[in-house]
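Biologist: I would be grateful for a close look at a single part of this model, the largest cavity and its lining. Please set that part in the context of the chain around it.

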Amino acid sequence: MKYLLCFLVGVLLTTSLYAQSAGDKRSSFSVHAGPSWYLGQLMGITDRSDAYRSDLRKGVAWDVSYLAQVAGRKFQFGVGALYQGSSYKNTHDTGADKILMHYMAPQVSLTMVKKHYQLQLAGGIGYQFYKDKSKVYGKPRDVSMNKLAGNLALSGEYFLTSHWGASARLNWLASSTETYSVKYHDEKWNVEKPKTGTGYFGQLSLVFGLNYHF
């Protein structure tokens, strides 16, 4: 135990020494994954019972982003790009829903850089691709609505070495629609201003991953 404790202390001291220069890097590449929650209206789904919708709102998200710092030192202004994907699914006796959302947008950020960690606020406006690959009585049924969307994210990172950091990111994504398209039995039609399916929808994701600084 004594040798193990000495080893762990040595690792922490080493990473802290490396971490001192991590904030000097001007670019970073990030990969994250974690739980996600669907927010707002669930449009075009196959079952509208409260229990089904509650379970359908729970999903997973993943993202990949690039950021370049263009000004500042302790408070850095940056620009970059974000891709985030998410998945939500549930089944019932006569059907199922599998919602897939893919979001891509340019990003602007403000980062507070400390010796061993940094905090960042970022946001952007981009495009969201929405698809519900559902089934009704065993037959495929697709719902789609591709819309403009926006995101706002708060993240924190601890520098592990001069190039690597462990980070957590809370990302809120929002969009709205008054219409969606449905394809079922080889027929396709648009649903406009549906009584229970118009308005705001989006997601809140808490993802964890690694950042590479260069």
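Modeller: The account below begins with the chain as a whole, turns to the cavity, and then moves outward to the cores, the aromatic rings and the loops.

The model is a predicted one. Its chain contains two helices and 11 strands, and the order of elements from the N terminus is α-β-α-β-β-β-β-β-β-β-β-β-β. Of the 214 residues, 42% count as buried. Among contacts between residues at least 6 apart in sequence, 68% join residues at least 24 apart.

Two cavities of 30 Å³ or more are present in the structure. The largest cavity holds about 220 Å³ of space. Its lining is made up of 20 residues, and those nearest the centre are Ser30, Ser65, Gln120, Ser155 and Arg169. Many strands contribute to this lining: β1 (27–40), β2 (58–71), β3 (75–92), β4 (95–113), β5 (117–136), β7 (147–159), β8 (164–177) and β11 (199–213) each provide at least two residues. As to chemical class, the lining comprises 13 polar, five nonpolar and two charged residues.

Serine 65 offers a useful point of entry. This residue belongs to strand β2 and is one of those nearest the centre of the largest cavity. With a relative accessible area of 14%, serine 65 falls under the 20% limit and is therefore buried. Setting aside residues up to four places away in sequence, serine 65 touches Ser28, Phe29, Ser30, Ala81 and Leu82. One of these partners, Ser30, is itself among the residues nearest the cavity centre. Another, Leu82, belongs to a nonpolar core of five residues, whose members also include Tyr103, Ala105 and Leu173.

That core lies apart from the largest nonpolar core, which has 15 residues. Inside the larger set, the residues with the most contacts are Tyr38, Leu56, Ile99, Met101, Tyr130 and Phe201. The elements α2 (50–56), β4 and β9 each supply at least two residues of this core. Strand β4 thus has a part in two settings, as it also supplies at least two residues of the cavity lining. Leucine 56 illustrates the contacts of a core member: beyond its neighbours within four places in sequence, leucine 56 is in contact with Leu42, Ile45, Tyr88, Lys89, Asn90, Asp97 and Ile99. Ile99, in turn, is listed with Leu56 among the core residues with the most contacts. In soluble globular proteins, nonpolar side chains tend to be buried together.

The aromatic rings come next. A pair of aromatic rings is described by the distance of the centres and the angle of the planes. The count comes to six aromatic pairs. One of them joins tyrosine 127 and phenylalanine 129, with 5.2 Å between the centres and 70° between the planes, an edge-to-face arrangement. Both residues are partly exposed: tyrosine 127 has a relative accessible area of 33%, and phenylalanine 129 has 34%. The pair of tyrosine 212 and phenylalanine 214 has centres 5.8 Å apart and planes at 20°; because that angle is under 30 degrees, the pair counts as stacked. Tyrosine 212 is partly exposed at 30% relative accessibility, as is phenylalanine 214 at 43%. Tyr212 and Phe214 also belong to one aromatic cluster with Tyr66 and Trp164.

Phenylalanine 214 leads to arginine 26, which has Phe214 among its contacts. Arginine 26 is placed in the loop between α1 (2–19) and β1 and is partly exposed, with a relative accessible area of 34%. Besides Phe214, and leaving aside neighbours within four places in sequence, arginine 26 contacts Leu67, Ala68, Gln69, Val70, Ala71, Gly72 and Gln76. Arginine 26 and glutamine 76 stand 50 residues apart along the chain, with 9.4 Å between their C-alpha atoms.

Two further loops hold residues with a positive phi that are not glycine. Tyrosine 137, in the loop between β5 and β6 (139–144), has phi near 50°. Its relative accessible area of 65% makes tyrosine 137 exposed. Aspartate 186, in the loop between β9 (179–184) and β10 (187–192), has phi near 60°. Aspartate 186 is likewise exposed, with a relative accessible area of 76%.

Methods: Residues are numbered from 1 along each chain as its sequence is written. This is a predicted model: local features need pLDDT of at least 70, side-chain atom pairs count only at pLDDT 80 or more; totals for chains, interfaces and linings use all residues. Side-chain values use heavy atoms; hydrogens and water are left out. On a 1 Å grid over the protein atoms alone, a cavity is a set of points where a 1.4 Å probe fits but cannot get out, and a pocket is an open set with protein on both sides within 12 Å along at least five of seven lines; lining residues have an atom within 4 Å of a point. Grid points are joined across faces, edges and corners, and a volume is the space filled by probe spheres set on the points. Helices (H or I, at least four residues) and strands (E, at least two) are DSSP runs, numbered from the N terminus. Ala, Val, Leu, Ile, Met, Phe, Trp, Tyr, Cys and Pro count as nonpolar, Asp, Glu, Lys and Arg as charged, and the others, Gly among them, as polar. Rings of Phe, Tyr and Trp (its six-membered ring) pair if their centres lie within 6.5 Å; planes under 30 degrees apart count as stacked, over 60 as edge-to-face and the rest as tilted. Buried means under 20% relative accessible area, exposed over 50%, partly exposed in between (1.4 Å probe, protein chains only). Contact means heavy atoms within 4.5 Å. A nonpolar core is a set of buried Ala, Val, Leu, Ile, Met, Phe, Trp, Tyr and Cys residues joined through side-chain atoms within 4.5 Å.
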